[in-house]
Amino acid sequence: MPDSSVRGKFLWYELMTSDPAAAAGFYTRVTGWTTADWEGGEMPYTMWMVGEAPVGGVMELPEDARAGNVPPHWIAYVGTPDVDATLARAQELGATVLVEPMEIPDVGKLAFLADPQGAAFAIYTPAETPPGEAPAGVGRFSWHELATSDYESACGFYQDLFGWEKTQAVDMGTGIYQMYGWGDITLGGMYNKPPDFPAPPHWLLYVTVDDVHAAAERVKESGGQVLNGPMEVPGGDWVAQCMDPQGATFAIYSAVSSE
């Protein structure tokens, strides 16, 4: 049984898409991931691999989601020692349940919800406590960014659920970019999206690549789009926001550019 150390940690990253096979080809070219089939479920499920370590998975977008016009998307799984208690507290704080808790043998218990501003995420109690902090590096998810309508309220919501604390804040000129985490560990940032920004509140997940400029070219060569960037961010790192050929958005990050 996992202990409280899983609380608030990003444990898994899942792509739900209209064409898992095509998505697998795209992301392996862009990120350097390999894939492996997981045989433990009723539906086909492919895992994203960094070496021998799984970092996430890809699956067919469920029929009920398609019927509700839900587009292909990435979703992050955040750890909790008790899915039921966390879900109940999230509802008290104004969250909406998207998928009721479900138990997957030998994997754990999970549920899907939307925060009070509407951004979707999953909560997850793994069957066993995972190993310590995953190493950083190419192929790992390095940043978790929330574009929302009220970042102050969102900070309070997630702090209550997961213990995330405000760390640094940057004035972008158009508003505050609030980073969060624990102590000297920063997990990502939150900001108020501009009124003319077409997407609803959502999480954007950043994958570390060898070089953002080279990876952005691979995105375009493989049928995806670069929506913004590559651009340098404070501290000298590089990022770009992208869309895969099926329409799911994601971002890429590197600490060094070969431009």
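This report describes a predicted model of one protein chain, covering confidence, helix packing, backbone geometry and selected residues.

**Confidence**

The mean pLDDT of the protein chain is 91, and 93% of the residues score at least 70. Broken down by element, the lowest mean pLDDT, 72, belongs to helix α2 (residues 63–67). The highest, 98, belongs to helix α3 (residues 83–92). Where pLDDT is low, the predicted coordinates should not be read in detail.

**Packing of α1 and α5**

Two packed helices are described by the angle between their axes and the distance between the axes. For helix α1 (residues 20–31) and helix α5 (residues 212–221), the angle is about 155 degrees and the axes are 8 Å apart. An angle over 145 degrees counts as roughly antiparallel, so α1 and α5 are roughly antiparallel to each other. Their crossing is right-handed. On the α1 side the contact involves F26, R29 and V30, which meet A215, R218 and V219 in α5.

**Backbone geometry**

Most residues other than glycine have a negative phi, and most peptide bonds are trans. One departure concerns the peptide bond joining G229 and P230, which is cis, with omega about 0 degrees. P230 is part of strand β14 (residues 225–232). Another concerns D106, which is not a glycine but has a positive phi of about 65 degrees. D106 sits in the loop between β6 (96–104) and β7. With a relative accessibility of 78%, D106 is exposed, because the cut-off for that class is over 50%.

**Cysteines**

The structure contains zero disulfides. C155 has a relative accessible area of 7% and is buried. C242 is buried as well, at 1% relative accessibility.

**Selected residues and their surroundings**

The table lists relative accessibility for residues placed in a helix, a strand or a loop.

| Residue | Location | Relative accessibility | Class |
|---|---|---|---|
| K109 | strand β7 (residues 108–114) | 22% | partly exposed |
| Q246 | loop between β15 (238–243) and β16 (249–254) | 18% | buried |
| Q91 | helix α3 | 43% | partly exposed |

The classes of K109 and Q246 fall on either side of a cut-off. Buried means under 20% relative accessible area, so Q246 at 18% counts as buried, whereas K109 at 22% is partly exposed.

Leaving aside residues up to four places away in sequence, K109 touches V83, D84, P101, M102, E103, I123, Y124 and T125. Between K109 and A53 there are 21 Å in space, C-alpha to C-alpha, and the two are 56 residues apart in sequence.

With the same exclusion of residues up to four places away, Q246 is in contact with T17, S18, D19, A22, A23 and P72. Of the helices already described, α1 spans residues 20–31, and the contacts of Q246 include A22 and A23.

Q91 belongs to helix α3, the element with the highest mean pLDDT in the chain. The C-alpha atoms of Q91 and E152 are separated by 18 Å, with the two residues 61 apart along the chain.

Definitions and conventions
Residues are numbered from 1 along each chain as its sequence is written. This is a predicted model: local features need pLDDT of at least 70, side-chain atom pairs count only at pLDDT 80 or more; totals for chains, interfaces and linings use all residues. Side-chain values use heavy atoms; hydrogens and water are left out. A disulfide is a pair of cysteine sulfur atoms within 2.5 Å. Buried means under 20% relative accessible area, exposed over 50%, partly exposed in between (1.4 Å probe, protein chains only). pLDDT is the predictor's confidence in each residue, from 0 to 100. Helices (H or I, at least four residues) and strands (E, at least two) are DSSP runs, numbered from the N terminus. Axes are lines fitted to C-alpha atoms, for helices over the stretch in contact, and angles run from 0 to 180 degrees between N-to-C directions. Angles under 35 degrees count as roughly parallel, over 145 as roughly antiparallel, 65 to 115 as roughly perpendicular and the rest as oblique. A crossing is left-handed if the near helix is turned anticlockwise from the far one by less than a right angle, and right-handed if clockwise. Contact means heavy atoms within 4.5 Å.
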